[in-house]
Amino acid sequence: MIYLDNNATTPVDPEVSDAIFSSLKRDFANPSSSHLSGRKAKELVESCRFHVAEFLGARHEEIVFTSGGTESNNLALLGTALFHGKGHIVTSVIEHPSVLNTCRHLQSLGFEVTYVPVDHDGIVDLEAFGKSIRPDTILVSIMHANNETGVIQPVGAIRTVAEGRGVKFHSDAAQSVGKMHFEPAPPPADLMTIVGHKFYGPKGVGALYVKTGTRINPILFGAGHERGLRPGTENVAGIVGLEKACLLTTRDIELRVAHTSRLRDVFLEGLMSEIPGLVLNGHKTRRLPNTLNVRIPGIYSGDLVEKIGDRVAVSTGSACHSGRRSPSSVLKHMGLSDEEALSSVRLSLGKGNTDEEIREAVGIISAAVRELREKPLPAATS
């Protein structure tokens with residue numbers, strides 16, 4: 001299997017898994033317990049918090065450990081909404097479902113939400129964003145990099161506008177942290193989501209950065225863990241794994257970026273030379289070093305994923321439920337037609353991929369495309 005679906009999840013780094021297994025055997029005590037084993041577990045969690053904060057250029061007290069990206073995004077949005085009680089939220093049309101569906105839920109509770117459009121390259125329209133902020137806006141939530149296209153958003157400009165209007169800014173950085181050069185000190189948002197399994201850590205653990213002075217309410221209720229913002233016994237081994245993933249990223253990020261960006265460009269060049277009509281979706285340069293989203297006219301991407309799935313792991317943003325084929329909303333918002341969106345596939349590389357794998361993947365994909373182009377393209381259904 002040639003694994004090219006690293007934006008869905010990355011394999012756990014062996015050094016991370018070793019740290020997790022050691023912690024599972026050694027640090028089993030409840031960090032809330034007052035005996036020696038409990039105190040040692042608590043000290044370990046706080047040591048991990050310090051290193052995760054250092055990795056992000058934050059203070060240790062600004063890190064709240066969570067179960068992952070969905071919880072972190074929900075805590076940022078719902079926590080802000082609960083603190084204010086009412087108000088207006090700004091987000092974009094291409095956010096992850098854990099942001100979009102939370103915003104829709106808040107609308108059902110009486111909050112107002114503006115969904116800012118993107119251009120054909122998949123970049124948030126800054127003019128429309130600036131006009132969207134109102135006197136009653138309580139939060140802006142714009143992702144750092146899109147999970148489907150890899151397009152990097154202008155979070156610096158967005159933060160400047162939000163800050164100038166006195167509005168807190170949340171950014172879902174699940175796809176960018178660990179995959180690209182990331183300027184810490186401090187993070188480019190008041191609230192920021194990171195996810196362990198997106199950069200060679202374990203699933204089931206993540207963090208929300210909460211800048212000092214940013215007020216949010218808890219959305220879960222129990223004991224007073226995580227400064228009262230996230231109750232529940234800490235996932236000590238998972239937190240150890242997240243810490244290790246952060247430490248490895250600090251050590252290896254230069255090599256990761258150089259390796260994946262080179263392979264990405266070789267991959268695209270190979271596909272374009274073998275598959276007539278192939279088009280890159282999204283901005284050509286403002287993208288994650290590891291991500292390609294390509295449109296292959298004359299095929300349905302779901303058929304391609306199924307045909308090569310036992311040899312090459314790739315994905316499509318299109319949804320297929322009960323025989324219905326729905327195009328990616330991200331690509332649709334970028335101006336692609338149903339047919340164009342349904343013929344698009346995401347290819348996301350990782351640090352473990354090799355030149356040989358990329359050459360082999362080009363051959364497998366191009367051969368499958370030639371076969372599939374002999375079949376009629378199915379129509380989208382709703």
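This report describes selected features of a predicted model, moving from one helix to charged pairs, cavities and a few single residues.

## Helix H3 and its surroundings

Helix H3 covers residues 69-84, and at 1.5 Å a residue its 16 residues should span 22 Å, a value that agrees with the 23 Å between its end C-alpha atoms. Because 12 of the 16 residues of H3 are buried, the helix is largely enclosed by the rest of the structure. Among these buried residues are Gly-69, Glu-71 and Ser-72, as well as Leu-75, Leu-77 and Leu-78.

Which elements cover the buried residues of H3? The cover includes helix H4 (97-108) and several strands, namely E2 (63-66), E5 (137-141), E6 (168-172), E7 (191-195) and E8 (206-210). After H3 comes Gly-85, a residue whose phi is positive, near 85°.

## Salt bridges

Side chains of opposite charge can pair when their charged atoms come close. A search of the whole structure finds 17 salt bridges, and three of them are described here, beginning with one inside a helix. The side chains of Lys-42 and Glu-46 meet with a nitrogen-to-oxygen distance of 3.6 Å. These two residues are four places apart in helix H2 (residues 36-56), and therefore about one helical turn separates them. Lys-42 has a relative accessible area of 34% and is partly exposed, and Glu-46, at 27%, also counts as partly exposed.

Another salt bridge joins Asp-252 to Arg-251, with 2.8 Å between N and O; Asp-252 is buried, its relative accessible area being 15%. In the pair formed by Asp-265 and Arg-264, the closest N and O atoms are 3.1 Å apart. Here the two partners can be set side by side: Asp-265 counts as partly exposed at 42% relative accessibility, whereas Arg-264 is buried at 11%. Salt bridges can also share partners, and in this way Lys-42, Glu-46, Arg-49 and Glu-226 are joined into one network.

## Cavities

Rolling a probe the size of a water molecule over the atoms shows where empty space is left. In this model the count comes to two cavities of 30 Å³ or more, and the largest cavity has a volume of about 80 Å³.

Which kinds of residue line the largest cavity, nonpolar, polar or charged? The lining divides into three nonpolar, four polar and four charged residues. Among the residues that line this cavity are Thr-10, Gly-178, Lys-179 and Lys-198, together with Tyr-200, Arg-256 and Leu-349.

## Two residues with positive phi

Most residues other than glycine have a negative phi. Tyr-200, although it is not a glycine, has a positive phi of about 75°. Tyr-200 lies in the loop between E7 and E8 and is buried, with a relative accessible area of 7%; this tyrosine also appears in the lining of the largest cavity.

Glu-226 is likewise a residue other than glycine with a positive phi, in this case near 50°. Its place is in the loop between E8 and helix H7 (236-274), where Glu-226 is buried at 7% relative accessible area. Glu-226 has already been met above as a member of the salt-bridge network with Lys-42, Glu-46 and Arg-49.

## Contacts of Ile-158 and Ala-58

Is Ile-158, which is found in helix H6 (residues 155-164), buried or exposed? Ile-158 is buried, with a relative accessible area of 0%. Leaving out residues up to four places away in sequence, Ile-158 touches Leu-126, Phe-129, Val-140, Ile-142 and Phe-169. Ser-348, by comparison, is 190 residues from Ile-158 in sequence, and the C-alpha atoms of the two are 26 Å apart in space.

Ala-58 is found in the loop between H2 and E2. At 19% relative accessibility Ala-58 counts as buried, because the limit for that class is under 20%. When neighbours within four places in sequence are set aside, Ala-58 is in contact with Ala-53, Ile-63, Pro-187 and Tyr-209. Arg-230 lies 172 residues from Ala-58 along the chain, and 19 Å separates their C-alpha atoms.

Terms used:
Residues are numbered from 1 along each chain as its sequence is written. This is a predicted model: local features need pLDDT of at least 70, side-chain atom pairs count only at pLDDT 80 or more; totals for chains, interfaces and linings use all residues. Side-chain values use heavy atoms; hydrogens and water are left out. The expected span of a helix is 1.5 Å times one less than its number of residues. Buried means under 20% relative accessible area, exposed over 50%, partly exposed in between (1.4 Å probe, protein chains only). Contact means heavy atoms within 4.5 Å. A salt bridge is a side-chain nitrogen of Lys or Arg within 4 Å of a carboxyl oxygen of Asp or Glu. On a 1 Å grid over the protein atoms alone, a cavity is a set of points where a 1.4 Å probe fits but cannot get out, and a pocket is an open set with protein on both sides within 12 Å along at least five of seven lines; lining residues have an atom within 4 Å of a point. Grid points are joined across faces, edges and corners, and a volume is the space filled by probe spheres set on the points. Ala, Val, Leu, Ile, Met, Phe, Trp, Tyr, Cys and Pro count as nonpolar, Asp, Glu, Lys and Arg as charged, and the others, Gly among them, as polar.
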